[in-house]
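User: I am new to this structure and would like to go through it by question and answer. Please show it to me before we start.

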Amino acid sequence: MIMRAYKAKTIPDTDDDKPGGAPPESRIYDKIHAAIAERRLLPGVRLVEDQLAEVFGVSRMRIRSVLHALARDKVVTLQRNRGAVVAYPSVKEAKEVFAARRLVEVALARDIVRLADDKSVRRLKLHIRKEKQGEQKHIRALELKTSHDFHTLLADIVGNGVISEFLRELMARSLLITAIYERPDVSSCSHLAHTQLIKFIERRDANGLAAAMLHHLDEIERDLVLFEREEFVADIKAVFAGL
């Protein structure tokens, strides 16, 4: 990638040692993840360690740690001779991810209804507020994250760590797929669909929850425009300038 002459604002991690402050890696992870979700970093773009280290004012070792964390969440791909690139899920992978979501999340409905207590329902309702806030702020990265986190919270009700971990990986991949392939004219109102799911849980209606979940996932997939796309390049410094 040819870098253009651009004076970027470095983002120093000055509160690295402050008690209670988020680790630099965590903040950098969030910023790169948001840039991908908001389509400022497009699929296939190289994430060069030297450039990112300069932009964020940290060592290459810390950047490498962040890139490995993003790779574990399937948001970044580590390629031989190219380094880290923004993951580029194929149309086939996108369809497989949603097929897996339908198999797992619909099947969980009965256990969710059986095991959900008042505390679980309150947690879900509190999360709906976060979804509304993301939609009101029109921050697509936040909207996508809170929407996908709701599904992870549902899985957590079952109390099976293996299933929760598997769902978290699916959600990370689904989030990226949605960010890449979602139609630009889609209106984001995930809290409405999720509120309906909560009502089925409160009514102890397992069949209703399963049917509503299937409809919800089908609807999300229908809002995607699935076709193979070209790779992109980006000026990394420009993407994060001014943050």
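**Questions on the fold, core and salt bridges**

Analyst: The model shown is predicted. The chain contains 11 helices and three strands.

User: In what pattern do helices and strands follow along the sequence?

Analyst: The elements to place are 11 helices and three strands. Read along the sequence, the pattern is α-β-α-α-β-β-α-α-α-α-α-α-α-α.

User: What share of the contacts with a separation of 6 or more joins residues 24 or more positions apart?

Analyst: A contact here means heavy atoms within 4.5 Å. Among contacts in the chain with a separation of 6 or more, the share from residues 24 or more positions apart is 78%.

User: Which helix gives the largest share of the largest nonpolar core?

Analyst: The largest nonpolar core has 64 residues, and those touching the most other members are Ile32, Leu41, Leu47, Leu52, Phe56, Leu154 and Phe240. Seven residues make up the largest share of this core, and they come from helix H8. Another core, of six residues, lies apart from it and includes Ala34, Ala37, Ala141 and Ala179. The helix asked for spans residues 161–181 and is H8.

User: How far apart are the end C-alpha atoms of H8, and what span is expected?

Analyst: H8 has 21 residues, and at 1.5 Å a residue these should span 30 Å. The expected span counts one less than the number of residues. The distance between the end C-alpha atoms agrees with the expected span, both being 30 Å.

User: Which residue has a side-chain oxygen that reaches the backbone nitrogen of Val162?

Analyst: Val162 takes part in a contact at the start of H8. The oxygen comes to within 3.0 Å of the backbone nitrogen of Val162, and the residue that supplies it is Asn160.

User: Is His33 buried or exposed?

Analyst: His33 is part of helix H1, residues 24–37. Leaving out residues up to four places away in sequence, His33 touches Leu70, Val75 and Leu175. Buried means under 20% relative accessible area. His33 has 16% relative accessibility, so His33 counts as buried.

User: How many residues apart are Asp218 and Arg102?

Analyst: The side chains of Asp218 and Arg102 form a salt bridge, at 3.0 Å from N to O. Asp218 is in helix H10 (residues 206–222) and Arg102 in helix H4 (residues 91–107), so the pair links distant parts of the chain, with a separation of 116 residues.

User: Which helices does the salt bridge between Asp156 and Arg168 tie together?

Analyst: The closest N and O atoms of Asp156 and Arg168 are 3.1 Å apart. The two residues are 12 apart in sequence, and Asp156 lies in H7 (residues 140–158) while Arg168 lies in H8. Asp156 is partly exposed at 29% relative accessible area, and Arg168 is partly exposed at 44%. The helices tied together are H7 and H8.

User: Where do Asp223 and Arg183 lie?

Analyst: Asp223 and Arg183 meet through their side chains in a salt bridge of 3.4 Å, N to O. Relative accessibility is 22% for Asp223, which counts as partly exposed, and 29% for Arg183, which also counts as partly exposed. The two are 40 residues apart: Asp223 is in the loop between H10 and H11, and Arg183 is in the loop between H8 and H9.

User: Which residues are joined into one salt-bridge network?

Analyst: The chain has 15 salt bridges. Through shared partners, salt bridges join one network made of Glu49, Asp50, Arg60 and Arg64.

Definitions and conventions
Residues numbered from 1 in each chain as written. Predicted model: local features only at pLDDT ≥ 70, side-chain atom pairs only at ≥ 80, totals over all residues. Heavy atoms only, no water. Core = buried A, V, L, I, M, F, W, Y, C linked by side-chain atoms within 4.5 Å. Buried < 20%, exposed > 50% of the residue type's maximum accessible area, 1.4 Å probe, protein only. Helix = DSSP H or I, 4+ residues; strand = E, 2+ residues; numbered from the N terminus. Polar contact = N/O pair within 3.5 Å; in protein donor to acceptor, adjacent residues only side chain to side chain. Salt bridge = Lys/Arg side-chain N within 4 Å of Asp/Glu carboxyl O.
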